[in-house]
Amino acid sequence: MTPTPDIDRLQALDDDAWAQIERQFAGRLYAYVARRIADQQAREDVLQEIFLGAVRGISGFDRVYTLEQYLFGICRNRTIDHLRRRRDSTVSSPLAQDDEEDPLQQLAVEPSNPGSIVGRRDLQTRTRILLVQVLHEWVQETWALGEFQRLMVIEALFLGGWRNRDTWERMGLSGERAVAGIKFRALARMRAIAGQEVENRRLLEALSDEEGSVGGAEGLHVSDEWAASHASCPARHWLARHLNGSLDAGPRSFVEFHLSQMECPWCLANLDDLQQERIAPQALIERVHASTMNYLRSRPLPRDSS
Ligand SMILES: [Zn+2]
């Protein structure tokens, strides 16, 4: 088991804590970058920027998310920044690139990341935290029950944005009503989970709505929070077992669905890292570490030493 990152130590800008984070996450972040940026030097620069951004932003870390979600959120933004800079410096027709091939276009349709939602700090925050907890609990429970088809249907609707009609055909169900029934029961179960925690009207409204939302464009959407919190991403050890072929049929079908149908960018990056296909060279991790340490040492002590 990898140790759980200690957010307090990271926020205190502790050298060892950051070194551990670099060792733990550099490979998968590099794999994500390497899928989208061909140039070796640019990949390295972006990886350094990710960790520097992580250090700079850690004081505002939102504990509703995991550290991996935080890092992947920064990773996506730095990758987009790089691709934009490269595009802007290219003297070619704006229509020269085929959208299908343009990584920037593909990133635009990727699920939003914590960074974009963290900005909306307001009365919603508490409701949002609860909703994310409910989604996680529902996924855990459904997984534990071995209800993988149910999990796939709900993931397809909330994460994939599939319509009921597409979902029943692609999942081999009896019809649209079967999909609607699965969704109805899932939302009811989520309301029950939420009810055990706290009476929260807005949360229950979102979970009662057919579309899983409340309050219009600025409101709470189950699908947004599902994507931002990566509610249904299998833990890394499941991906490792998927690679070595030791998963039972149920979890295997779900993991395959998540990778091939949802094309989850984080899990694909984790998979690359586990397969060591695009792994960050050791020398690169050392350079990233050096630049992070440089930054940490250039800072005044975070706490008054008196
Ligand atoms: Zn995933």
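Let's start at Trp226, which is buried, with a relative accessible area of 0%. Keep in mind as you look around that this is a predicted model. What does the ring of Trp226 pair with? Its partner is Phe158: the two ring centres are 5.8 Å apart and the planes meet at 35°, so the pair is tilted. That label follows because planes under 30 degrees apart would count as stacked and those over 60 as edge-to-face. Phe158 is buried too, at 6% relative accessible area. Follow the chain and you'll see that this pair links distant parts of it, since Phe158 belongs to helix α8 (residues 148-158) and Trp226 to helix α12 (residues 222-228), 68 residues apart.

There's plenty more aromatic company to find. The structure holds nine aromatic pairs, and one aromatic cluster is formed by Trp143, Phe148, Trp238 and Phe254. Two arginines also make use of rings. The charged end of Arg36 sits over the ring of Tyr32, 3.8 Å from its centre, and the charged end of Arg170 sits over the ring of Trp162, again 3.8 Å from the centre.

Now swing over to the metal. Which residues hold the zinc ion? It is coordinated by Cys233 through SG, His258 through NE2, and Cys264 and Cys267 through their SG atoms, at 2.0 to 2.3 Å. The angles among those four donor atoms run from 105 to 117°, and the site is tetrahedral. For reference, the ideal angle for four tetrahedral donors is 109.5 degrees. If you like to read sites off a sequence, the donor spacing is C-x24-H-x5-C-x2-C. Two of these donor residues, His258 and Cys267, are buried.

While you're in this stretch, have a look at Glu263. It has a positive phi, near 50°, in a residue other than glycine. Glu263 is found in the loop between α14 (249-260) and α15 (265-275). Is Glu263 buried or exposed? At 55% relative accessibility, it counts as exposed, because the cut-off for that is over 50%.

Leu13 shares the backbone quirk: its phi is positive, about 55°, although it is not a glycine. You'll find Leu13 in the loop between α1 (7-11) and α2. Unlike Glu263, Leu13 is buried, with a relative accessible area of 16%.

From there, step into the interior. The largest nonpolar core has 86 residues, and Trp18, Leu67 and Met190 touch the most other members. Helix α2 (residues 15-36) supplies the largest share of this core, with 11 residues. Leu67 gives a feel for the packing: leaving out residues up to four places away in sequence, it touches Pro5, Ile7, Leu10, Ile21, Phe25, Ile58 and Phe61.

One polar residue is worth a stop as well. Asn164 lies in helix α9 (residues 164-171), and at 18% relative accessibility it counts as buried, because the limit is under 20%. Beyond its neighbours within four places in sequence, Asn164 is in contact with Leu157, Glu176, Val179 and Ala180.

Finally, zoom out to the whole chain. The protein has 16 helices and two strands. Of its 306 residues, 48% are buried. Among contacts between residues at least 6 apart in sequence, 70% join residues at least 24 apart.

Terms used
Residues numbered from 1 in each chain as written. Predicted model: local features only at pLDDT ≥ 70, side-chain atom pairs only at ≥ 80, totals over all residues. Heavy atoms only, no water. Phe/Tyr/Trp six-rings, centres within 6.5 Å; stacked < 30°, edge-to-face > 60°. Helix = DSSP H or I, 4+ residues; strand = E, 2+ residues; numbered from the N terminus. Buried < 20%, exposed > 50% of the residue type's maximum accessible area, 1.4 Å probe, protein only. Lys NZ or Arg CZ within 6 Å of the ring centre and 35° of its normal. Donors = N, O, S within 2.8 Å, 3.2 Å for Na, K, Ca; no water. Tetrahedral: all angles 85-135°; square planar, octahedral: opposite > 155°, others 65-115°. Core = buried A, V, L, I, M, F, W, Y, C linked by side-chain atoms within 4.5 Å. Contact = heavy atoms within 4.5 Å.
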